[in-house]
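Here are some comments on the model you sent, set out as numbered points. They deal with helix packing and with pockets.

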Amino acid sequence: MSNSSVIELTAAQQAHTHACAERVRHEIKQQGGSIGFDQYMQLVLHDPAVGYYHGQQKIFGASGDFITVPETSMHLAYCLANACAQLIQDDPQRSILEIGAGSGRLACGMNAYLYAWGQLPARYYIYEPSEALRVKQKELLETEIPEYVYRVEWLPNLSGEILSAIIIANEVLDALPVKCFEVQAESIQERCVVLTEDGNLIWQLQDPASDLDAALNYITAMLDEPLGELYRSEINLGLENTLSAWSDCCEQCVIFLIDYGYPRSEYYHPQRSMGTLRSYYQHRVFEDPFTNPGLQDITADVDFSAVAKAATHLGLGVLSFGAQRNFMLANRLLEWQPAAGNEVERIAQIAQLKQLTLGSAIGERFQVMVLGKGIDYGADRFTMRDMRARL
Ligand SMILES: C[S@@+](CC[C@H](N)C(=O)[O-])C[C@H]1O[C@@H](n2cnc3c(N)ncnc32)[C@H](O)[C@@H]1O
């Protein structure tokens, strides 16, 4: 669905997307006429001047573009707080480091629960690359948890040395740049981004660079069935660098990666022949990532087998992997009590609980992978059903 025509933009939005498109055109010309989709995604989502996550628009929640799990209910915050409380009991020196904190909703919820249980971590760090989001997170935390917001510290970068950390990245991996490819009769081609004569952005197939070629050969060799002609999908070649940046800032850590995605055999399933790339604008899904660059979110599901491979290569242990609902059930979800409120709110909260647990889209599509550096815990600590064998 490419329907830029149905989107009415304010003058400020028009200026923003114009500046973002100009930035992309400049980059394409600088690089000799084409860029990889990963470079495009990096620019339109994460460029500090024109990127989607750095703009002033409302991103999260009902009046934004999409809703993440922490925006819909407190349950994930409750279960993550439970997992963290146990880890903090084991080692009170542990700090929490939340990567990409979005609106700050998860940080509010987790701090509130940990405070109520007398289990606040040594420190709650947030690493958030977007200045605009950092400002919004601080505002929310100052309003919602004024008593202990002073214990929350925003890190300007990840170069610091935290002794022992619990790292949490909820729906961050899906926002990271991916390369796109298409299977042709004789080869697999990279889907790059080029300009038409009128300066519009379009796809163009090109021979893949050697790193992409090697990664694609590796994937296809691991699959049970060959990918059919015209099969399209995505691959994140930056996973190892990302995990290394996150884990290098501490001597010891447990990392919770929570996201929508699959093990490799499902990710590159023959039926998923159009890949997982999509864009969101005001809760509508768009297939064309070139519509209004800088104003729409772009996301791709996570290949958790690739995450496990990158982690193992870095010497991190893969401690558990499984559906989010099985992580939540292992972390006292069923002991959760609805917050005091009127009857309508209580019923809504119980309905959310059912949605997260009863074989629902959310509970099954979202996965939790737990990694460890210098630490080993049994998988049953983190999930009711460990699925590492499927990675
Ligand atoms: C989809 S939002 C998820 C927000 C939040 N964790 C939640 O679940 O509501 C992605 C978040 O990751 C941040 N982000 C994007 N790229 C990042 C990177 N390379 N390192 C750290 N954070 C990043 C974004 O600025 C944003 O806060």
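1. In what follows, residues are said to meet when they are in contact, which means that heavy atoms lie within 4.5 Å. The model is a predicted one, and the remarks below should be read with that in mind. On this criterion, R105, A107 and C108 in α5 meet L140, L141 and E144 in α6. Divided by class, the residues of this contact are four nonpolar, no polar and two charged.

2. The geometry of the same helix pair can be stated briefly. The axes of α5 and helix α6, the latter spanning residues 131-144, come within 9 Å and cross at roughly 30°. Angles under 35 degrees count as roughly parallel, and α5 is therefore roughly parallel to α6. The crossing of these two helices is right-handed.

3. A second packed pair is formed by helix α8 (residues 239-247) and helix α10 (residues 304-313), whose axes are 9 Å apart and make an angle of about 55°. The two helices are therefore oblique to each other, and α8 passes α10 in a right-handed crossing.

4. The residues behind this second packing are L239, E240 and L243 on the α8 side, which meet A306, V307, A310, A311 and H313 on the α10 side. By class, the contact has six nonpolar residues, one polar and one charged.

5. Turning to the pockets, the largest has a volume of about 1,100 Å³. It is lined by 46 residues, of which Y53, E171, V172, D174 and A175 are the closest to its centre. Among the elements that give two or more residues to this lining are α2 (37-46), β2 (95-99), α5 (105-116), α8 and β11 (278-281), while α3 gives the most, with four residues. The class composition of the lining is 24 nonpolar, 12 polar and 10 charged residues.

6. The second largest pocket holds about 460 Å³ of space. Of the 23 residues that line this pocket, I235, N236, L237, L239 and A306 lie nearest its centre. The elements that give two or more residues to its lining include α7 (210-222), β9 (232-235), α8 and α10. By class, this lining divides into 14 nonpolar, two polar and seven charged residues.

7. Which residues connect the second pocket with the packing of α8 and α10? L239 and A306 belong to the contact between these helices, and both are also listed among the residues nearest the centre of the second largest pocket. I would suggest that the packing and the pocket be described together in the text.

Note on methods. Residues are numbered from 1 along each chain as its sequence is written. This is a predicted model: local features need pLDDT of at least 70, side-chain atom pairs count only at pLDDT 80 or more; totals for chains, interfaces and linings use all residues. Side-chain values use heavy atoms; hydrogens and water are left out. Axes are lines fitted to C-alpha atoms, for helices over the stretch in contact, and angles run from 0 to 180 degrees between N-to-C directions. Angles under 35 degrees count as roughly parallel, over 145 as roughly antiparallel, 65 to 115 as roughly perpendicular and the rest as oblique. A crossing is left-handed if the near helix is turned anticlockwise from the far one by less than a right angle, and right-handed if clockwise. Ala, Val, Leu, Ile, Met, Phe, Trp, Tyr, Cys and Pro count as nonpolar, Asp, Glu, Lys and Arg as charged, and the others, Gly among them, as polar. On a 1 Å grid over the protein atoms alone, a cavity is a set of points where a 1.4 Å probe fits but cannot get out, and a pocket is an open set with protein on both sides within 12 Å along at least five of seven lines; lining residues have an atom within 4 Å of a point. Grid points are joined across faces, edges and corners, and a volume is the space filled by probe spheres set on the points.
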